[in-house]
There are 2 protein chains.
Amino acid sequence: MARKEDKFLDDFLAYLLARASHLVSEDYAIVLKEAGIDRPRWRVLASLSDYDKMTIGELARKVLMKQPTLTKVLDKMEEEKLVKRRHSKEDRRAIKIAITKKGKEKVSKLLIKAKKHEKAILKNYTKEEEKVLKHVLRTFIERL
Amino acid sequence: MARKEDKFLDDFLAYLLARASHLVSEDYAIVLKEAGIDRPRWRVLASLSDYDKMTIGELARKVLMKQPTLTKVLDKMEEEKLVKRRHSKEDRRAIKIAITKKGKEKVSKLLIKAKKHEKAILKNYTKEEEKVLKHVLRTFIERL
DNA sequence: AAGAATAATTTCATTATTCATATATTATTA
DNA sequence: TAATAATATATGAATAATGAAATTATTCTT
């Protein structure tokens, strides 16, 4: 058996993505564990640090969870005072999720660590490679 | 709010990977559903189509599952006659998993469809972009 | 205003996942 | 070589995730 690329999986995009994603986020999971937070919560807080006051539906798409799953995560996070629920003014069916002060404090340190972690992972690649990688991933997300 | 890249998540590698991976594999899940197979089984069969007779531990790493999870998946797949267990000759603690004729038949059509699906996803990108993307992903996997 | 659609929640049954541990085997080492 | 450690897999119980309905409240369409 010669080159890896001759194998199906080692040249299969969906697999390369899944595996790379899995490894990268598993690697960062150590940081999360130290901070005493799990992945769903981290994702919610990180999302809210970009877009505060999303509806639950919007947030569910961002964090790659099903809506009923997210509802339950938010129940716990609300109890822990990391997020708040507010009825949307525009659409009173919808609920806007906002991050609390406590939530912001928790996430701000993690954001810095996350960026450091990413830098470490990308240090062996050129700026150009990083640019292509992120561009392609970003456009996948837009198109799919 | 200007560009997406100014947001944390939209420039955060782990998130871009997770989301792209999620979307790509969700898109292919339609094909799997039609074929009446679920993701764990598909991953096992696809892995075995490259490397037949892996031990359970090796396979678990390939398919991104914990060993106990995989053992249970294999129990079902063995019952369905998609795979076989054999004691390893070199190490009698270990068990080698082999794909059966039925398993091969099942997976061969899916491999073709998977490649088609990938081609469709990548059609908007240059060969060079595809090369960089896969190279970076592959080296993540090797290094992490 | 009626009916369809949407947002979120709740419930329930099913299935999956994890953790810790058990068993068998192999490797190490004193 | 006997004891100990390490490895590969299996198992069982506890926990969690998922999917599919049914529910409530609200908004949109005509």
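Contact here means heavy atoms within 4.5 Å, and helices (H or I, at least four residues) are DSSP runs numbered from the N terminus. The model is predicted, so that local features need pLDDT of at least 70 and side-chain atom pairs count only at pLDDT 80 or more, while totals for chains, interfaces and linings use all residues. Residues are numbered from 1 along each chain as its sequence is written, chains are lettered from A in the order in which they are written, and side-chain values use heavy atoms, without hydrogens and water.

Select first helix H1 (residues 13-34) of chain A and helix H6 (residues 127-143) of chain B, which pack at an angle of about 45° with their axes 9 Å apart; axes are lines fitted to C-alpha atoms over the stretch in contact, and angles run from 0 to 180 degrees between N-to-C directions. Among the residues that meet there are A:Leu16, A:Leu17 and A:Leu23 of H1(A) and B:Leu137, B:Phe140 and B:Ile141 of H6(B).

Next select DNA strand C, which 18 residues surround, the closest being A:Gly57, A:Gln67, A:Thr71, B:Lys72 and B:Arg93; a residue is near the strand if one of its heavy atoms lies within 4 Å of it. H4(B) gives the most to this surface, with 4 residues.

Finally, display the polar contacts, pairs of N or O atoms within 3.5 Å. A phosphate oxygen of the strand is 2.7 Å from a polar backbone atom of A:Ile56, and a polar side-chain atom of B:Lys76 lies 3.2 Å from a phosphate oxygen, whereas at A:Arg93 a side-chain N or O atom is 2.7 Å from a base oxygen.

Technical notes: Polar contact = N/O pair within 3.5 Å; in protein donor to acceptor, adjacent residues only side chain to side chain. Helix = DSSP H or I, 4+ residues; strand = E, 2+ residues; numbered from the N terminus.
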